[in-house]
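Hi there,

Here is the structure I promised to pass on, with my notes underneath. Have a look at it first, and then read on for what turned up.

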Amino acid sequence: MEFTDFTELIRNEVEKRTGDGHSVQLVTVNKNNGVVLDGITVLSQDCNVSPTIYLNEFYGAYQNGTATIGMITDDVMDIYGRNKLNGNIDMNDFLNYEAIKHGIVYKLVNTEKNRALLEDIPHVPFHDLSIVFEYPVTQGNMDNASILIRNTHMEYWNIGVEELYKTAAINTPVLRKCDIKNMKDVLAEMTGMMDFGDSCSGFPMYVLSNKSRSHGAACILYPNLLSDFSKASQSDLFIIPSSIHETLILTDSDPADARQIKEMIREINETVLFPEEVLSDNLYIFEQCTDELRML
């Protein structure tokens with residue numbers, strides 16, 4: 001069965017189960033790094049916004065025989081039931097910049113992988129990355145939903161990218177508070193083991209993200225964060241872009257290790273991360289003597 005036939009079949013099955021008063025639609029969503037995913041949304045008379053349930057992985061499961069159409073429809077309905085909203089979202093406030101500006105935040109994306117997208121959205125260059133802007137929608141279960149700020153929004157608000165960046169630079173560290181943990185503590189949380197003994201000694205690595213672990217790589221932009229951390233550790237810092245959601249900080253960095261670390265970054269990006277989660281193949285260093293971040 002072709003993918004288009006599969007998605008239409010799932011749409012029909014979901015439409016049967018949701019019944020009258022619902023509109024079930026197939027949508028194509030352009031994700032980060034040029035990734036395009038196909039999904040399904042369920043709108044009702046009482047709700048004008050719906051989370052997108054992506055069908056690409058379901059199609060893979062159907063093709064390899066691990067899931068039937070009935071099983072996939074059950075899963076889609078379960079996801080919809082757990083994430084659907086109650087009530088409409090009023091978008092009128094979004095047209096008023098003064099009303100929503102205190103919620104605008106920034107995030108980091110890879111410039112080269114998002115060339116087409118960056119033509120339509122305001123952005124600020126940052127090494128091989130770009131700072132882009134969004135407005136989180138926090139209603140019901142939509143904790144990580146957001147509206148990407150586009151050029152058309154700026155034109156309507158009659159503001160420039162400088163004003164947008166200034167606003168987001170104030171908001172983001174407050175609304176998305178940073179969180180720095182020693183890698184040893186992170187491993188203990190993941191495995192339930194409280195003591196790794198000497199396995200993490202002599203390897204001073206830290207995980208930097210925000211409290212929600214969503215687009216936490218942008219924490220490297222927070223004022224004085226890297227500077228203060230460098231002073232506290234009394235060393236330069238290697239900044240490893242492990243994903244769009246977090247970076248790794250390696251203290252006592254040795255420039256001789258840079259090539260090996262860059263190879264590790266590329267390998268992880270190619271084999272471990274989802275394509276839309278990749279931030280960069282490059283390595284950065286924060287130098288204590290210059291108080292600046294640069295790309296190696």
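Two strands count as paired here if DSSP finds at least two bridges between them. By that rule β12 and β13 are partners, since four bridges join these antiparallel strands. One of the pairs is F286 with L293, the latter in β13. Before going further, please keep in mind that this is a predicted model.

**The six-stranded sheet**

β12 and β13 belong to an open sheet of six strands, ordered β8-β9-β11-β10-β12-β13 and paired in antiparallel fashion. At its edges stand β8 (178–182) and β13 (292–295); each has a single partner strand, so one side of each is left without a neighbour in the sheet. From one strand to the next, the twist averages 25°. Two helices pack on this sheet. α9 touches β8, β9, β10, β11 (246–251), β12 and β13, and its direction makes about 130° with that of β10. Helix α10 (residues 258–271) touches β10 and β11, and its direction makes about 10° with that of β10.

**The three-stranded sheet and its helix**

Towards the start of the numbering there is another open sheet, with three antiparallel strands in the order β1-β2-β3. Its edge strands are β1 (22–30) and β3 (53–54), each of which pairs on one side only. β1 runs antiparallel to β2 (residues 36–44), and nine bridges join them. Among the residues involved is V24, whose bridge partner in β2 is V42.

Helix α1 (residues 3–18) packs on this sheet, where it touches β1 and β2, and its direction makes about 145° with that of β1. The length of α1 is easy to check: at 1.5 Å a residue, its 16 residues should span 22 Å, and the end C-alpha atoms are indeed 22 Å apart. Which residues of α1 are buried? They are F3, F6, T7, I10, R11, V14 and T18. Seen down the helix axis, these buried residues fall within an arc of 135°, so they line one face of α1. The general background will be familiar: an α-helix has 3.6 residues a turn, so residues three or four places apart point the same way. The cover over the buried residues of α1 includes β1, β2, α2 (56–63) and α3 (69–83). After α1 comes G19, with a positive phi near 80°.

**The nonpolar cores**

The largest nonpolar core has 36 residues, and those with the most contacts inside it are L108, W157, L164, I220 and L226. Two or more residues each come from α4 (97–100), β4 (105–110), β6 (129–137), α6 (151–157), α7 (161–175), α9 (225–233), β10 (237–243) and β12 (284–287). β6 gives the most, with four residues. What does L108 touch, leaving aside neighbours within four places in sequence? Its contacts are F126, L129, S130, I131, A217, A218, I220, L221, I244 and L279. There is also a second, separate core of 18 residues, which includes F3, V24, Y59 and Y80.

**A buried lysine**

K107 is found in strand β4. Is K107 buried or exposed? With a relative accessible area of 12%, K107 falls under the 20% cut-off, so it counts as buried. Not counting residues up to four places away in sequence, K107 touches S130, I131, V132, E134, L148, H215 and A218. The C-alpha atoms of K107 and A218 are separated by 5.2 Å, although these residues are 111 residues apart along the chain.

**Two positive phi values outside glycine**

You may also want to look at two loop residues. H127 has a positive phi of about 55° although it is not a glycine, and it lies in the loop between β5 (124–126) and β6. Its relative accessibility is 39%, so H127 counts as partly exposed. N224 is not a glycine either, and its phi is positive at about 65°. N224 is found in the loop between β9 (205–210) and α9. At 53% relative accessible area, N224 is exposed.

Happy browsing, and best wishes!

Methods
Residues numbered from 1 in each chain as written. Predicted model: local features only at pLDDT ≥ 70, side-chain atom pairs only at ≥ 80, totals over all residues. Heavy atoms only, no water. Contact = heavy atoms within 4.5 Å. Axes fitted to C-alpha atoms, helices over the stretch in contact; angles between N-to-C directions. Expected span 1.5 Å × (residues − 1). Buried < 20%, exposed > 50% of the residue type's maximum accessible area, 1.4 Å probe, protein only. Arc of directions from axis to C-beta. Core = buried A, V, L, I, M, F, W, Y, C linked by side-chain atoms within 4.5 Å.
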